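Below are my comments on the structure, as numbered points. Please read them with the coordinates open.

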Amino acid sequence: MYIDLATISDLSEIQTVQIDAYGGEYFTLLTLRQYIDLFPSSFFIMKDPEAQHKIIAAAICGLDETKQHSWLLSLVVSPPYQKRGFGGQLLEEVIRYSNNANLRSLSLTVSPENTLATSLYRSRGFEIITLEQDYFGKDMHRYLMKKTFPAVELTCT
């Protein structure tokens with residue numbers, strides 16, 4: 001498997017991965033296109049070279065308005081590839097990107113029922129900050145999780 005940046009030509013395949021993984025909860029092609037326009041250097045895909053370079057996972061990371069904090073907006077792995085470490089590898093790429101950009105933190109939300117994802121995030125240093133009731137609407141609660149990066153000291157010579 002290898003990680004690359006998403007391109008416009010990848011969007012339909014990314015959406016298919018989301019549909020396969022989430023059923024009715026997926027981003028429209030319009031939304032995916034806007035994300036690639038907004039975050040071209042932090043929209044990652046993972047491909048399987050043994051399956052004609054098929055996209056098996058995607059992660060979208062966006063900066064907040066201060067450009068000091070990033071958000072993991074989506075991390076999805078195709079069902080046949082789940083529970084094999086690929087989500088963790090893609091998450092590590094997002095963490096590396098955020099840390100290398102000298103950001104202060106990386107935040108995300110996750111359903112409290114998604115214990116596998118919550119465990120993955122905790123294993124990578126994310127902490128639950130709060131449980132947001134009705135985050136996406138009635139009875140659609142989310143944990144807000146955050147990973148803080150060490151401050152970078154700038155020195156003048």
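1. Strand β4 gives the largest share of the lining of the largest pocket, seven residues. The model is a predicted one. In total, 39 residues line this pocket, and its space comes to about 1300 Å³. The residues that lie nearest the pocket centre are Y22, L75, N114, Y121 and R142. Besides β4, the elements that give two or more residues to the lining are α1, α3, β5 and α4.

2. The largest nonpolar core has 24 residues, and L72, L106, Y121 and F126 touch the most other members. Two or more residues each come from β2 (43-48), β3 (54-63), β4 (69-77), α3 (86-100), β5 (105-110) and α4 (115-123). Of these, α3 gives the most, six residues. Y121 appears here as one of the most connected core members and also among the residues nearest the centre of the largest pocket.

3. Which residues does L72 touch, leaving out those up to four places away in sequence? They are A59, I60, L91, V94, L106, S107, L108 and Y121. Two of the core residues named above, L106 and Y121, are on that list. Another core, of 14 residues, lies apart from the largest one; among its members are V17, I36, I55 and V76.

4. D10 deserves a separate look. D10 sits in the loop between β1 (2-5) and α1 (11-22). D10 is buried but has no salt bridge. The nearest side chain of opposite charge is that of K47, 4.1 Å away; D10 and K47 do not count as a salt bridge because the definition requires a side-chain nitrogen within 4 Å of a carboxyl oxygen. Beyond its neighbours within four places in sequence, D10 is in contact with L5, I45, K47 and I55. I55 is also a member of the 14-residue core.

5. How many salt bridges does a search of the whole structure find? It finds four, including the one between E92 and R124, at 2.6 Å from N to O. This pair links distant parts of the chain, with E92 in helix α3 and R124 in the loop between α4 and β6, 32 residues apart. E92 is partly exposed at 29% relative accessibility, and R124 is partly exposed at 24%.

6. Helix α3 also holds the salt bridge between R96 and E93, where the closest N and O atoms are 3.0 Å apart. The two residues are three places apart, about one turn of the helix. R96 is partly exposed, with a relative accessible area of 41%, and E93 is partly exposed at 21%.

7. R33 and D37 form a further salt bridge, their closest N and O atoms being 3.1 Å apart. Both lie in helix α2 (residues 29-38), and because they are four residues apart there, about one helical turn separates them. R33 is partly exposed at 36% relative accessible area; D37 is partly exposed at 47%.

8. M140 is in the loop between β6 (127-132) and β7 (142-148). Is M140 buried or exposed? Neither label applies, as M140 is partly exposed, with a relative accessible area of 36%. Not counting residues up to four places away in sequence, M140 touches D134 and Y135. The C-alpha atoms of M140 and Q34 are separated by 25 Å, and the two residues are 106 apart along the chain.

Definitions and conventions. Residues are numbered from 1 along each chain as its sequence is written. This is a predicted model: local features need pLDDT of at least 70, side-chain atom pairs count only at pLDDT 80 or more; totals for chains, interfaces and linings use all residues. Side-chain values use heavy atoms; hydrogens and water are left out. Buried means under 20% relative accessible area, exposed over 50%, partly exposed in between (1.4 Å probe, protein chains only). Lys and Arg count as positive and Asp and Glu as negative; His and the chain ends are not counted. Contact means heavy atoms within 4.5 Å. A nonpolar core is a set of buried Ala, Val, Leu, Ile, Met, Phe, Trp, Tyr and Cys residues joined through side-chain atoms within 4.5 Å. On a 1 Å grid over the protein atoms alone, a cavity is a set of points where a 1.4 Å probe fits but cannot get out, and a pocket is an open set with protein on both sides within 12 Å along at least five of seven lines; lining residues have an atom within 4 Å of a point. Grid points are joined across faces, edges and corners, and a volume is the space filled by probe spheres set on the points.
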